[in-house]
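Student: I would like to learn how to read a structure feature by feature. Could we go through one together?

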Amino acid sequence: MCTTIADRHEFQGSAKGPDGWFTADHLYVGYDHPVHFDAEHAVSFDIVAEADGTAHRVAVELDPEAARTLGERLLAIADAADDYERTTSLHASASTNPAAR
Amino acid sequence: MTRTDAYEGLLAETVTVVGDGGDEIHAYFARPLGRGPFGAVVLFHHLPGWDAWYRATTRRFAEYGYLALSPDLYCRDGHGEPDDVAARVRAEGGVPDDRVVADARGCVDWLRSLPQASGRLALFGTCSGGRHAFLCACRIGDIDAVVDCWGGRIVVGDDDLTAKQPVAPIDYTADLDAPLLGLFGNDDKSPAPADVDTLEAALKQHGKDYAFHRYDGAGHGFFYDDRPAAYRAEAAVDGWRKVRAFLTENIG
């Protein structure tokens, strides 16, 4: 460890690694020496299945600018997803509630 | 005179060493064939884990004529490819310093117990391993030489200490009783040149035996020939020569 910039979070999702899809339970994020990315330091995130050991892991290393772009795009999509779900929910309730017609 | 028809051989294998808390930790061990007596080296692997570069470097020290032992400091953190295990360790804030020191003490005792051992012993490490080599030399004592290659976070501010690394290694400088060789790249950010200056000032203040070499045009990890972006051939060749001369002088 040449920085102390690291976090471990519980996480629910699926990811695909070399052995196929797996159920992920943790997300690691950090900023330290990368394994593969061509820079002295890199932002990293790992989607892992701790319950299965560390063999199930999808790893990404990128520079801080790319990390921000990724974060912004994910937030934008998450916001759009919230809007979509809210709108769909309203339509659904309108179509099933006679009083709303 | 070197005889080209002289027999030489080398053995490399995984072994088990008793570490912190009586845990059996695995380690990669390489040694020259023969009765010795041989000096010994403990290698502390870097942040990316107990990987192929460290195994190759362990064999390199055996080729130099030493009993070389590289413990897997992440062996309690699961199986898998080195970078997968290292990712988990990193996410949990690294390994505790006290555990590394106890594991290293087990490695020192194991090496010195071997019938081929001369008793002379050095610690070597790169990156976080350089930090561990310095830390363990200070805290274990009775070490004959220590090689710190670009060890980061030896110089740490109080606000950057953690429960697992509660003391900045530089604060143990007064306890260092082994000659220290330090190799650093001037483009490195961890340790940055200012950190190296701070460590050098502490060594001078305490009257320690040390030699620092700083390389222009080199950053972090300039020995790593498996990483084209980090590797610097001229600095690496010169650095390895200095490591070998330093070990010859101090552990035979």
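The dialogue below takes up a sheet, a chain contact, two helices and a buried strand.

Tutor: Keep in mind that this is a predicted model. We begin with the sheet in chain A.

Student: What is the order of the strands in the open sheet of chain A, and how do they pair?

Tutor: Strand order is read across the sheet, from one edge to the other. Here four strands follow the order β1-β2-β3-β4 in chain A, with antiparallel pairing. The edge positions belong to β1 and β4 of chain A; each has a single partner strand, so one side of each lacks a neighbour in the sheet. From one strand to the next the twist averages 20°.

Student: How many bridges join β2(A) to β3 of chain A?

Tutor: Seven bridges link β2(A) with β3, residues 42-48 of chain A, and the two run antiparallel. As one pair to look up, Tyr31(A) has Val43(A) in β3(A) as its bridge partner.

Student: Which helix packs on this sheet?

Tutor: Helix α2 of chain B, residues 82-91, packs there and touches β1, β2, β3 and β4 of chain A. The direction of α2 makes about 55° with that of β2(A).

Student: How many residues are in contact between chain A and chain B?

Tutor: An interface is counted from both sides: 21 residues of chain A are in contact with 26 of chain B. On the chain A side, the elements giving two or more residues are β1 (5-17), β2 (20-32) and β4 (57-62). By character, the residues on that side divide into seven nonpolar, seven polar and seven charged.

Student: Next, the helices. Why might buried residues in a helix recur at certain spacings?

Tutor: An α-helix has 3.6 residues a turn, so residues three or four places apart point the same way. Now take α5(B), where Asp195(B), Val196(B) and Leu199(B) are buried. Viewed down the axis of α5(B), the buried residues lie within an arc of 100°, so they line one face of the helix. The face turned away from that buried side carries exposed Ala194(B), Lys204(B) and Gln205(B). The cover over the buried residues of α5(B) includes β7 and β8 (210-215) of chain B.

Student: What span should the 13 residues of α5 of chain B have?

Tutor: At 1.5 Å a residue, α5 (residues 193-205) should span 18 Å, and its end C-alpha atoms are 18 Å apart, which agrees. Just after α5(B), Gly207(B) takes a positive phi of about 65°.

Student: Which residues of α1(B) are buried?

Tutor: They are Trp53(B), Tyr54(B), Thr57(B), Thr58(B), Phe61(B) and Ala62(B). Their cover includes β1 (10-18), β2 (24-32), β3 (38-44) and β4 (67-71) of chain B. Just after α1(B) comes Gly65(B), with a positive phi of about 105°.

Student: Is β3(B) enclosed or open, and why?

Tutor: Seven of the seven residues of β3(B) are buried, so the strand is largely enclosed by the rest of the structure. Six bridges join β3(B) to β5 (residues 117-126) of chain B in parallel, with Phe44(B) partnered by Gly125(B) in β5(B). The pairing of β3(B) with β4(B) is also parallel, over three bridges, and there Val41(B) has Ala68(B) as its bridge partner.

Student: Why does Leu181(B) count as buried?

Tutor: Leu181(B) sits in strand β7, residues 180-185 of chain B. Leu181(B) has 25 C-beta neighbours inside 10 Å, so it counts as buried. Leaving out residues up to four places away in sequence, Leu181(B) touches Val147(B), Ala211(B), Lys242(B), Val243(B) and Phe246(B).

How values were computed: Residues numbered from 1 in each chain as written. Chains lettered and ligands numbered in written order. Predicted model: local features only at pLDDT ≥ 70, side-chain atom pairs only at ≥ 80, totals over all residues. Contact = placed C-beta atoms within 7 Å. Nonpolar A, V, L, I, M, F, W, Y, C, P; charged D, E, K, R; others polar. Buried ≥ 20, exposed ≤ 12 C-beta atoms within 10 Å, placed from the backbone. Expected span 1.5 Å × (residues − 1). Arc of directions from axis to C-beta. Pairing = 2+ DSSP bridges. Axes fitted to C-alpha atoms, helices over the stretch in contact; angles between N-to-C directions.
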